[in-house]
Each structure stands twice: as C-alpha cells, then as structure tokens.
Amino acid sequence: MPVKYGIIGCGAIAQRRHIPECATNAESKVAALADPAADRVAELATKYGAKAFADYKEMLAKADIDAVVVAGPNALHAQQSIDALNAGKHVLCEKPMATTRDDAKAMMQAAEKNKKFLMIGLNQRLMPPHVKAKEILQSGRLGKVLSFRTAFKHPGPEGWSVDAGKSWFFKKAQAFMGVAGDLGVHKADLMRWLLEQEFTEVGGFVSTLDKRDTEGNLVDLDDNAYLTLKTDGGIIGSMILSWTNYGAEENYTVVYCQKGVLSLGVDPVYGVVVSYSNGDREQHKVGEMSTNLKQVASGIIDSFTKCIQTNTPPEIDGQEGYKSLDVILTAMEAGHQGRILKIGAGPAAR
Ligand SMILES: NC(=O)c1ccc[n+]([C@@H]2O[C@H](COP(=O)([O-])OP(=O)(O)OC[C@H]3O[C@@H](n4cnc5c(N)ncnc54)[C@H](O)[C@@H]3O)[C@@H](O)[C@H]2O)c1
C-alpha cells in the first residue's frame, strides 16, 4: 500500500520537491494538503487529486493519511510536528527542525511517546556529489582530514519563496533565523555527516548587510554569516553563508586531508575532484547538485517512504536535526556576543 501523505505548507519546497516527489513515487500518494492560502491549496489539490484544508488541525483530524510533511515557516515546525505525531502520523519536518533547543527536544519526545518516525529534511546528505565524497573519505585514501571550507551563497529567499519579498523568510517572528537557519543548518549537517565528527566550538560574524523589508528597512535577521568551527577531533574549518550573492549560486565544499584535497561543487563538469599530493587526480561525474534555479529530485520523500514501509527508523532523525540546529543556534549566539562559544552546552550553561 502506498504511504498516504498530508502536506502542511504548500509553498516553494512543497511545490518543487515534496508534492512532485510524492506523486511520482508509486509507493507514495499526495492525499491531503493544508495551507491558509486558499487559492494556492485549492489549485494544488485539484492538480494532484488531494483533499484541500485551510487549517492543518482539520487535516490531521479528518484526512486519511499515514504521514505528514511539515513545510511551512520555521517557527511553526515544532508545534505542527508535535500535533501530527500526537495524531498518530509519521513526520518529515523541514529544516531547521525548530527555532529553540527545547522545542526540538519536545519534538523528539513526541515521536518517542507516539512510537512514530520523525525525519528532518536535511537533504544535502542525499545529493550524489556528497554521497560520493563520503565514500571517498571513508575509504581512507586521503588520510586524516585536517581542515575544510564550505560555502552556500545565493541571492536570497525573495527569488525562491512563493510570497517573494513579502515572505515569512524576512519576518523575525516566523523565521527566527535568517541565512544561518536557512543555508547554515544544511551545511552544519553536511559537514557533521561527512567528517563523522561533532562540532565543539564556533564563532564568527553573523550580520545583516543588505536585505530589506517591504518598507525598505533592513530586516531583523542575518543575511550573511562567516563562521569558523572546530570539531571534537581537532578539524578546523570555515563556513560562509550568504543571501547577498547576487551572482551565480555557490554551493561548494573543500576538504583538506593529509594525502590530498577533496573538492565538491567546485569544478563545472566534475562534481567531485580529488587532487592527491603525489600529483594524481580523480574526477567523478556523479549527478547534479540542486540549486535554487535548477531543481533535481532530493530523494527525501523516497527515503522517508522506504523507512515507513520497511519500519526502519530514518537516519536523519530528530537527534541529527537537533545537533545540526545546535551548531547554528550557538553560531548565532556567538556572533551576537562577539566571541567563540562551545557547542552543546546550551545558552543556560554559559
Ligand atoms: N530542504 C531544503 O532544501 C529546503 C529548501 C527550501 C525551504 N526549506 C524549508 O521549507 C520550509 C518552507 O519554505 P518554503 O521555501 O516552501 O517557503 P514559502 O514561503 O515558499 O512557502 C511557505 C508556505 O507556508 C504557508 N503557511 C504559512 N503559514 C502556514 C500555516 N499556519 N499552516 C500551513 N502553511 C502555512 C504559506 O502560505 C506558504 O504557502 C522552511 O522551513 C524552509 O526552511 C527547505
């Protein structure tokens, strides 16, 4: 039986990835859609043969669904996920999973209490160049990792969100985090997963340089974050996140190891390039990296559907989502305080 999904929040990510990925997999079905934007949800429901709801709580009560995708504004993720878990549904929640550590913990507790799966949409792990990179690092042929630099920079969410410049992305109460929560959580998660180490310290500049609200005032959210991080194994690296790269999108990672350098998303033809210290070179064409302008299937719905059908807990679970969120919340606190902070201690402990 296909897994029947209800999708909360029918904006850009739902329209470009979750809904089509759900509809094209024979093992899943778009059964219900919920969004307060009545015209938007009605049009999508007609297109995909799903039931439309303005209120997600009504969808949870009335729709015949097994699982829910939570894909609206960041500040709603925790409550909507908890409500769906308490209604007995599995939940795939978009990143960042929550806006506070306590909310993220409450989501994990709700999943455990209801014996339902909670997966977080940290899809960078599934992108083919990143999967290949992990395989190369795990093979040991590059030796020990020493340092890295990673960047995710594009022109900003106004070119992506269904509500453009009026989007929730620019409203503090709904977004809570700017570029750090949008692109930084992805990169924190990718690097934790690739390096197989946890970040222990972070510091840097987290600033608002150029993004303005509809009245022309600078938004109360970060649009640039230039961070320095250290892992528990001593790897140091930099993470550059920007919503003000008004040129071509950058999404690259370079990992510097004892026997050479691994470059991802740097070469225009080969997604993965390895340059060894002895002059040897490996080049891999391994499928594309999704960009804001060019969407490729993320694989996230396929992965969650398989978990549900085989009763296998998701790898990118609440705990993973929490750790990646904690790196970014700590980075924001470090930026505001102008110092390096330890990750994992929580603000109350400092
Ligand atoms: N994993 C990824 O690669 C990725 C990419 C983009 C966005 N996202 C995440 O997806 C989420 C949504 O982002 P988006 O780009 O689709 O935003 P968007 O602005 O395009 O769409 C948001 C949608 O949520 C709806 N909404 C607002 N309040 C709601 C409510 N109470 N109940 C249900 N729906 C409500 C809006 O009407 C809108 O249709 C964000 O958390 C974002 O971080 C993830």
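**Interface between domain 1 and domain 2**

In the predicted model, 25 residues of domain 1 are in contact with 28 residues of domain 2. Both domains are discontinuous in numbering, domain 1 being made up of residues 3-122 + 298-315 and domain 2 of residues 124-297 + 325-342. The centres of domain 1 and domain 2, taken over C-alpha atoms, are separated by 25 Å.

Between them, the two domains bury about 2,200 Å², with 55% of this area lying on carbon and sulfur atoms. On the side of domain 1, the residues that lose the most area to domain 2 are Arg16, Arg101 and Leu122, which together account for 30% of what that side buries.

Polar interactions were also examined across the interface of domain 1 and domain 2, where four salt bridges are found, and where ten residue pairs are in polar contact, counting pairs in which both residues have pLDDT of 80 or more. With regard to the secondary structure of the side of domain 1 that touches domain 2, helix H1 (12-24) and helix H5 (101-114) each supply at least two residues. Of the contributing elements, H1 gives the most to this side, with six residues. When the residues of domain 1 that touch domain 2 are sorted by class, ten are nonpolar, eight are polar and seven are charged.

A salt bridge is also formed by the side chains of lysine 95 and aspartate 182, with an N to O distance of 3.0 Å; in the domain division, residue 95 falls within the 3-122 segment of domain 1 and residue 182 within the 124-297 segment of domain 2.

Key: Residues numbered from 1 in each chain as written. Predicted model: local features only at pLDDT ≥ 70, side-chain atom pairs only at ≥ 80, totals over all residues. Heavy atoms only, no water. Domains from an automatic or database assignment. Contact = heavy atoms within 4.5 Å. Buried area = accessible area lost by both parts, 1.4 Å probe. Polar contact = N/O pair within 3.5 Å; in protein donor to acceptor, adjacent residues only side chain to side chain. Helix = DSSP H or I, 4+ residues; strand = E, 2+ residues; numbered from the N terminus. Nonpolar A, V, L, I, M, F, W, Y, C, P; charged D, E, K, R; others polar.
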